[in-house]
Amino acid sequence: MSDKKMSSSRRQHLKSLMLQIAQGVIEAEAIQAEEEKNRYMDENVPSLSVPGSMQELQDLCKKLHQQIDIVDEQRYDTQSKVAKSDKEIEDLKIKLQDLKGKFKKPVLKRVRMSAEAMLQALLGSKHKVSMDLRSNLKQVKKEVKEEVKDAADWRRNIEDKAGMDGRKKMFESDP
C-alpha cells in the first residue's frame with residue numbers, strides 16, 4: 001500500500017468510517033460507565049428515608065457522619081497507597097535508566113522565534129515587553145559649553161595681538 005498512493009476521496013471515506021466507529025465506542029463506554037455507577041450506588045448507598053421526629057433525624061445525622069468518616073479514612077488510605085506506588089515507580093524508572101547506561105539527549109529542532117515572542121513566552125502574556133532598547137536608554141541633552149565662547153575670544157585676541165601694535169598691547173597689559 002505504501003507503493004501506491006490512496007486517492008483523497010478514498011482517504012476521506014476511510015477517515016469518516018473510523019470517526020463513526022470511534023464515536024460508537026465512546027458512546028458505549030459512556031453507557032457502561034453510567035451503568036457501573038448506578039450499580040455501585042445501589043450496592044453501597046441505601047435509599048434515604050427521612051424520619052419524622054427530631055430524635056430520629058439526629059440519629060440519622062450521626063449515622064451519616066460516621067459513614068462519612070469511614071469513607072474519608074478509606075480515601076486517605078488509597079491516596080497514600082497511590083502516592084507510595086507512584087514514588088516506587090519513579091524510583092524504578094530511575095534505576096532502569098541507570099542500568100541502561102548513558103542517557104541520549106534527543107535532537108532538538110530549531111525554532112524561529114522573534115525576541116519579543118520569546119520574552120512573551122517566558123514571562124507570560126500579562127507582561128508587556130518591548131525590545132526597543134533605544135527607548136529604554138536615558139535621554140542625554142548636549143550642553144552648550146562655555147569653551148566655545150572662550151575659543152572665539154582667543155581667536156579675536158590673536159587677531160588683535162597680530163603685528164607690532166598687538167605685541168605692544170600685550171607687553172603693556174601684562175604688568
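The legends below accompany an overview and several close-up views of a predicted model.

**View 1. Overview of the predicted all-residue model, whose secondary structure comprises 6 helices and 0 strands.** Read along the sequence, the elements follow the pattern α-α-α-α-α-α. Of the 175 residues in the protein, 1% are buried, and the protein exposes about 18300 Å², with carbon and sulfur atoms supplying 57% of that area.

**View 2. Confidence of the prediction along the protein, which averages a pLDDT of 80.** A score of at least 70 is reached by 72% of the residues. Among the elements, helix H1 (residues 8–44) has the highest mean pLDDT, at 94, whereas helix H5 (residues 147–161) has the lowest, at 59. Where pLDDT is low, the predicted coordinates should not be read in detail.

**View 3. Helix H2 and the residues at its two ends, with H2 spanning 68 Å from its first C-alpha to its last.** The helix has 47 residues, and its span is close to the 69 Å expected at 1.5 Å a residue. At the N-terminal end, Ser53 acts as a cap, with a side-chain oxygen placed 3.4 Å from the backbone nitrogen of Glu56. After the helix comes Gly101, which has a positive phi, near 115 degrees.

**View 4. The salt bridge between the side chains of Arg75 and Asp72, with a distance of 3.5 Å from N to O.** Both residues belong to helix H2, where they are 3 residues apart, about one turn of the helix. Arg75 has a relative accessible area of 44% and therefore counts as partly exposed, since this value falls between the 20% and 50% limits. Asp72, with a relative accessible area of 33%, falls between those limits too and so is likewise partly exposed. The count for the protein comes to 1 salt bridge.

**View 5. A nonpolar surface patch of about 520 Å², made by Val111, Met113, Met118, Leu122 and Leu123.** One of these residues, Met113, is placed in the loop between helix H2 (54–100) and helix H3 (115–123). Met113 counts as partly exposed because its relative accessibility of 41% lies between the limits of 20% for buried and 50% for exposed residues. The 41% accessibility of Met113 also satisfies the requirement of over 30% that applies to residues in a patch.

How values were computed:
Residues are numbered from 1 along each chain as its sequence is written. Side-chain values use heavy atoms; hydrogens and water are left out. Patches are made of residues with over 30% relative accessible area and no salt bridge: like charges are joined within 9 Å, nonpolar side chains (Val, Leu, Ile, Met, Phe, Trp, Tyr) within 5 Å. Accessible areas come from the Shrake-Rupley method with a 1.4 Å probe; for residues, only the protein chains shown count as cover. A salt bridge is a side-chain nitrogen of Lys or Arg within 4 Å of a carboxyl oxygen of Asp or Glu. Helices (H or I, at least four residues) and strands (E, at least two) are DSSP runs, numbered from the N terminus. Buried means under 20% relative accessible area, exposed over 50%, partly exposed in between (1.4 Å probe, protein chains only). pLDDT is the predictor's confidence in each residue, from 0 to 100. The expected span of a helix is 1.5 Å times one less than its number of residues. A polar contact is a pair of N or O atoms within 3.5 Å; within protein, one must be able to donate a hydrogen and the other to accept it, and residues adjacent in sequence count only if both atoms are side-chain atoms.
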